[in-house]
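Q: Please take a close look at a single part of this model and describe how it is built into its surroundings. One connected answer is fine.

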Amino acid sequence: QVRLVESGGGLVQPGGSLRLSCAVFGTEISRYDMAWYRQPPANEKYLIANITSAGTTTYDDLVKGRFTISRDNAKNTIYLQMNNLKFEDTAVYFCNSGVRHLAGDPFTSWGQGTQVTVSS
């Protein structure tokens with residue numbers, strides 16, 4: 001059973017930085033595209049950053065140039081470096097599988113997420 005554990009969120013001022021981590025338990029992530037999603041207050045989750053199994057990255061326009069997704073397959077962990085944070089980045093951040101799904105994809109549920117609050 002796959003478990004996703006996000007960490008690293010917190011309260012930060014506009015222009016500040018945070019580094020989020022997503023530790024994956026129950027499966028090896030090396031074959032899978034992985035992604036970060038976020039859920040602003042009173043809204044649904046949406047994908048903001050994707051990294052393929054080969055390491056190719058794509059970003060939603062709202063975070064492009066400020067956020068960097070990376071992966072460490074040996075540690076079974078995904079990261080999101082967030083720089084120049086803005087008020088509109090306030091959300092709960094989740095990790096999960098990415099845009100391409102392999103047969104038998106074991107990512108069938110969400111973790112608890114980690115709260116990022118950008119406030120002056």
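A: **Strand 4 and the aromatic rings around it**

Tyr-32 is buried, with 8% relative accessible area. This value, like the others here, comes from a predicted model. Tyr-32 belongs to the loop between strand 3 (18–25) and strand 4, while Phe-107 belongs to the loop between strand 9 and strand 10 (114–118), so their pairing ties together parts 75 residues apart in sequence. The two rings of Tyr-32 and Phe-107 meet edge-to-face, with 5.3 Å from centre to centre and 80° between the planes. Phe-107 is buried as well, because its relative accessible area of 9% is under the 20% cut-off.

The loop that holds Tyr-32 leads to strand 4, which spans residues 34–39. Strand 4 is mostly covered, with five of its six residues buried. On one side, strand 4 is joined to strand 5 (residues 46–51) by five bridges, and the two run antiparallel. Within this pairing, Trp-36 has Ala-49 of strand 5 as its bridge partner. Strand 4 also pairs with strand 9 (residues 91–97), again in the antiparallel sense, and six bridges connect these two. Here Ala-35 stands opposite Asn-96 of strand 9.

The link between strand 4 and strand 5 is a hairpin with six residues between the strands. Ala-42 sits in that loop. Its phi is positive, about 65°, although Ala-42 is not a glycine. Ala-42 is exposed, because its relative accessible area of 87% is over the 50% cut-off. Strand 4 itself, by contrast, is mostly covered.

A second residue with a positive phi lies before strand 9. Asn-84 is found in the loop between strand 8 (77–82) and strand 9. Its phi is near 50°, and Asn-84 too is a residue other than glycine. Asn-84 is partly exposed, at 39% relative accessible area.

Strand 9 brings further aromatic contacts. The structure holds three aromatic pairs. One of them is the pair of Tyr-32 and Phe-107 described above. Another joins Phe-94 and Trp-110, edge-to-face, at 5.8 Å between centres and 75° between planes. Phe-94 is part of strand 9 and Trp-110 lies in the loop between strand 9 and strand 10, so this pair ties together parts 16 residues apart in sequence. The two partners differ in cover: Phe-94 is buried, with a relative accessible area of 6%, whereas Trp-110 counts as partly exposed at 40% relative accessibility.

Phe-94 and Trp-110 do not stand alone, since Tyr-37 forms one aromatic cluster with them. Tyr-37 falls within residues 34–39, the span of strand 4. The ring of Phe-94 has a charged neighbour too: the charged end of Lys-45 sits over this ring, 4.6 Å from its centre. A further contact of this kind involves Arg-3, whose charged end sits over the ring of Phe-25, 4.8 Å from the ring centre.

Taken together, strand 4 has antiparallel partners in strand 5 and strand 9. The loop before strand 4 carries Tyr-32, which meets the loop after strand 9 through Phe-107.

Note on methods. Residues numbered from 1 in each chain as written. Predicted model: local features only at pLDDT ≥ 70, side-chain atom pairs only at ≥ 80, totals over all residues. Heavy atoms only, no water. Buried < 20%, exposed > 50% of the residue type's maximum accessible area, 1.4 Å probe, protein only. Helix = DSSP H or I, 4+ residues; strand = E, 2+ residues; numbered from the N terminus. Pairing = 2+ DSSP bridges. Phe/Tyr/Trp six-rings, centres within 6.5 Å; stacked < 30°, edge-to-face > 60°. Lys NZ or Arg CZ within 6 Å of the ring centre and 35° of its normal.
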